[in-house]
Amino acid sequence: MIYSIGEFAEILGVTPSTLRYYEQEGLLTPRRNKNNLREFTDYDIGWAQFLLHLKGSGMSVTELKKYTKWRSMGVETIPDRLDLLKKRKHLVELEMQALQQNLDILNRKIEFYNDQLEGKKYEFVLYPNEEADS
């Protein structure tokens with residue numbers, strides 16, 4: 001199926017200006033019809049969704065451009081792409097660990113306040129598993 005830039009943007013949940021920017025940066029290369037209007041296909045949806053996932057993982061535009069270039073070069077760049085994805089995965093895992101720690105502290109603080117409201121009085125300790133400094 002063929003999609004206009006507006007339809008394509010709606011499918012992806014982004015703005016047309018985002019798609020124009022991605023095209024300007026070489027991340028997307030839509031066909032042009034006889035009126036020079038952009039045309040996107042179902043194949044473009046999968047690629048654009050993958051790009052958005054990479055971006056959502058914290059990948060920079062520079063990294064996205066590198067990955068896109070390597071993809072266009074073919075299978076000989078699979079090791080480079082794999083390495084880039086593994087590095088990004090590691091960074092995402094570190095971010096997830098930090099977020100989990102923040103969530104745990106929020107949950108403990110909420111529990112503390114609920115306990116306070118129920119009349120249970122004690123002091124909140126930010127890091128209860130750490131030994132006190134001697």
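**Figure 1. Phe112 meets Tyr122 edge-to-face.** Partly exposed covers relative accessible areas between the buried limit, under 20%, and the exposed limit, over 50%. Tyr122 has 38%, so this residue counts as partly exposed. Its ring partner Phe112 comes in at 10%, which means buried. This is a predicted model, and in it the two ring centres lie 5.2 Å apart with 80° between the planes. The pair ties together distant parts of the chain, with Phe112 in helix H5 and Tyr122 in the segment after H5, ten residues apart.

**Figure 2. A cluster of rings, with a lysine over one of them.** Zoom out a bit from that pair and ring pairs link Phe112, Tyr113, Tyr122 and Phe124 into a cluster. Eight aromatic pairs turn up in the whole structure. Phe124 has a charged visitor too: the charged end of Lys109 sits over the Phe124 ring, 4.1 Å from the ring centre.

**Figure 3. Arg71 over Trp47.** Here's another charge-over-ring contact, this time with an arginine. The charged end of Arg71 is placed over the ring of Trp47, 3.7 Å from the centre of that ring.

**Figure 4. Lys89 and Glu93 pair up along helix H5.** Their side chains form a salt bridge, with N and O 2.9 Å apart. Why are Lys89 and Glu93 separated by about one helical turn? They're four residues apart in helix H5, and that spacing gives the turn. Lys89 counts as exposed because its relative accessibility is 52%, whereas Glu93, at 34%, counts as partly exposed. Elsewhere, salt bridges with shared partners join Glu23, Arg32 and Arg38 into one network.

**Figure 5. Two arginines, Arg31 and Arg32, each in a salt bridge.** Arg32 goes with Glu23, and their closest N and O atoms are 3.2 Å apart. Arg31 goes with Glu39, at 3.7 Å from N to O. Buried, partly exposed or exposed: which word fits Arg32? Its relative accessibility is 38%, so Arg32 is partly exposed. Arg31 also counts as partly exposed, at 45%. The count for the structure comes to nine salt bridges.

**Figure 6. A nonpolar patch on the surface.** Which residues make the patch? Val75, Ile78 and Leu82 do, and the patch is about 280 Å². Val75 belongs to the loop between helix H4 (61-73) and helix H5 (78-117). With 64% relative accessibility, over the 50% cut-off, Val75 counts as exposed.

Terms used: Residues numbered from 1 in each chain as written. Predicted model: local features only at pLDDT ≥ 70, side-chain atom pairs only at ≥ 80, totals over all residues. Heavy atoms only, no water. Patch = residues over 30% accessible without salt bridge, like charges linked within 9 Å, V, L, I, M, F, W, Y side chains within 5 Å. Areas by Shrake-Rupley, 256 points an atom, 1.4 Å probe, with all protein chains shown as cover. Salt bridge = Lys/Arg side-chain N within 4 Å of Asp/Glu carboxyl O. Helix = DSSP H or I, 4+ residues; strand = E, 2+ residues; numbered from the N terminus. Buried < 20%, exposed > 50% of the residue type's maximum accessible area, 1.4 Å probe, protein only. Phe/Tyr/Trp six-rings, centres within 6.5 Å; stacked < 30°, edge-to-face > 60°. Lys NZ or Arg CZ within 6 Å of the ring centre and 35° of its normal.
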